[in-house]
Amino acid sequence: MQQTSAAKIKSQKTKKRYSALQLRRLPALLMLFALALSFLYLQKVGLPQISHIIAAAAVGLGLLTHPYLRWKRGWKLGVGFVSYAAFVDLVIFALYGDMPTLLSPLYYMFGFIIFVYLVNISANVGKPFISAVF
């Protein structure tokens, strides 16, 4: 009698661990799917594509399931570049009133966030991103 209840508890723990592992892998799988779809443009160039939406969902879900980021000193260059691009685009917008230049820093920032997220997946797992997914 005691063995069956112990086996039942072990089975429940295994199910919980398996479902938690699947949930933790979902952001990496979504990111891989977004990267695979990145060449597909359904809307005009310069507008968010389906791969961008999936990648943003992967980052959001990833931050919920893995709430840690490792800051690297070299990323100051990325933050500096995004800040510089935003400043230049604001100047261009002020001079010419060109609306698409006002939106372009968002794409630089989005690309930088995706890069940081992919580096963190690799760093936290200890192997390259593709190996971390599979």
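Reader: Where in the chain does S38 sit?

Author: In this predicted model, S38 is in the loop between helix 1 and helix 2.

Reader: Why is S38 called partly exposed?

Author: Its relative accessibility is 39%. Buried means under 20% and exposed means over 50%, so a value of 39% puts S38 in between, as partly exposed.

Reader: What separates S38 from H52 in space?

Author: The C-alpha atoms of S38 and H52 are 7.7 Å apart, although the two residues are 14 places apart along the chain. S38 and I50 are 12 residues apart in sequence, and their C-alpha atoms are 8.0 Å apart.

Reader: Let's move on to helix 2. Why does S51 count as buried?

Author: S51 has 4% relative accessibility. The cut-off for buried is under 20%, so S51 counts as buried. S51 lies in helix 2, and, leaving out residues up to four places away in sequence, S51 touches A34, L37 and S38.

Reader: And what makes I50 partly exposed?

Author: I50 is also found in helix 2, at 33% relative accessibility. That is not under 20% and not over 50%, so I50 is partly exposed. Apart from its neighbours within four places in sequence, I50 is in contact with L37 and L42.

Reader: How do you know that the length of helix 2 agrees with what is expected?

Author: Helix 2 has 16 residues, which at 1.5 Å a residue should span 22 Å. Its end C-alpha atoms are 22 Å apart, so the two values agree.

Reader: What makes you say that the buried residues of helix 2 line one face?

Author: Those residues are S51, I54, A55, A58, V59, G62 and T65. Seen down the axis of helix 2, they fall within an arc of 140°, so they line one face of the helix. On the other side of helix 2, I53 and L64 are exposed. A general point helps here: an α-helix has 3.6 residues a turn, so residues three or four places apart point the same way.

Reader: Which residues make up the largest nonpolar core?

Author: There are 12 of them: A28, M31, A34, L37, I54, A55, A58, V59, I114, Y117, L118 and I121. Helix 1 (2-37), helix 2 (50-65) and helix 4 (99-125) each supply at least two residues of this core.

Reader: Why is that group called a nonpolar core?

Author: A nonpolar core takes in buried residues of kinds such as Ala, Val, Leu, Ile, Met and Tyr, joined through side-chain atoms within 4.5 Å. The 12 residues listed are of these kinds, so the name fits. In general, nonpolar side chains tend to be buried together in soluble globular proteins.

Reader: What about L29, why is it called partly exposed?

Author: L29 is found in helix 1, with a relative accessible area of 33%. Being neither under 20% nor over 50%, that value makes L29 partly exposed. The C-alpha atoms of L29 and A58 are 8.2 Å apart, with their positions 29 residues apart in sequence.

Reader: Now for helix 3. What makes its buried residues a face?

Author: W75, G78, V82, A85 and D89 are buried in helix 3. Seen down the axis of helix 3, they fall within an arc of 75°, so they line one face. K76, L77, Y84, F87, A94 and L95 are exposed on the other side. Helix 3 has 22 residues and reaches 31 Å from its first C-alpha to its last, close to the 32 Å expected. Just after helix 3, G97 takes a positive phi of about 65°.

Reader: Why is the pair of F81 and Y108 called edge-to-face?

Author: The two ring centres are 5.2 Å apart, and the planes are 85° apart. Rings pair if their centres lie within 6.5 Å, and planes over 60 degrees apart count as edge-to-face, so F81 and Y108 earn both parts of the name. The pair links F81 in helix 3 with Y108 in helix 4, 27 residues apart. A search of the whole structure finds 1 aromatic pair.

Reader: How exposed or buried are F81 and Y108?

Author: F81 has a relative accessible area of 44% and Y108 has 39%. Both values lie between the 20% and 50% cut-offs, so F81 is partly exposed, and Y108 is partly exposed as well.

Notes. Residues are numbered from 1 along each chain as its sequence is written. This is a predicted model: local features need pLDDT of at least 70, side-chain atom pairs count only at pLDDT 80 or more; totals for chains, interfaces and linings use all residues. Side-chain values use heavy atoms; hydrogens and water are left out. Buried means under 20% relative accessible area, exposed over 50%, partly exposed in between (1.4 Å probe, protein chains only). Helices (H or I, at least four residues) and strands (E, at least two) are DSSP runs, numbered from the N terminus. The expected span of a helix is 1.5 Å times one less than its number of residues. The arc is that of the directions from the helix axis to the C-beta atoms. Rings of Phe, Tyr and Trp (its six-membered ring) pair if their centres lie within 6.5 Å; planes under 30 degrees apart count as stacked, over 60 as edge-to-face and the rest as tilted. Contact means heavy atoms within 4.5 Å.
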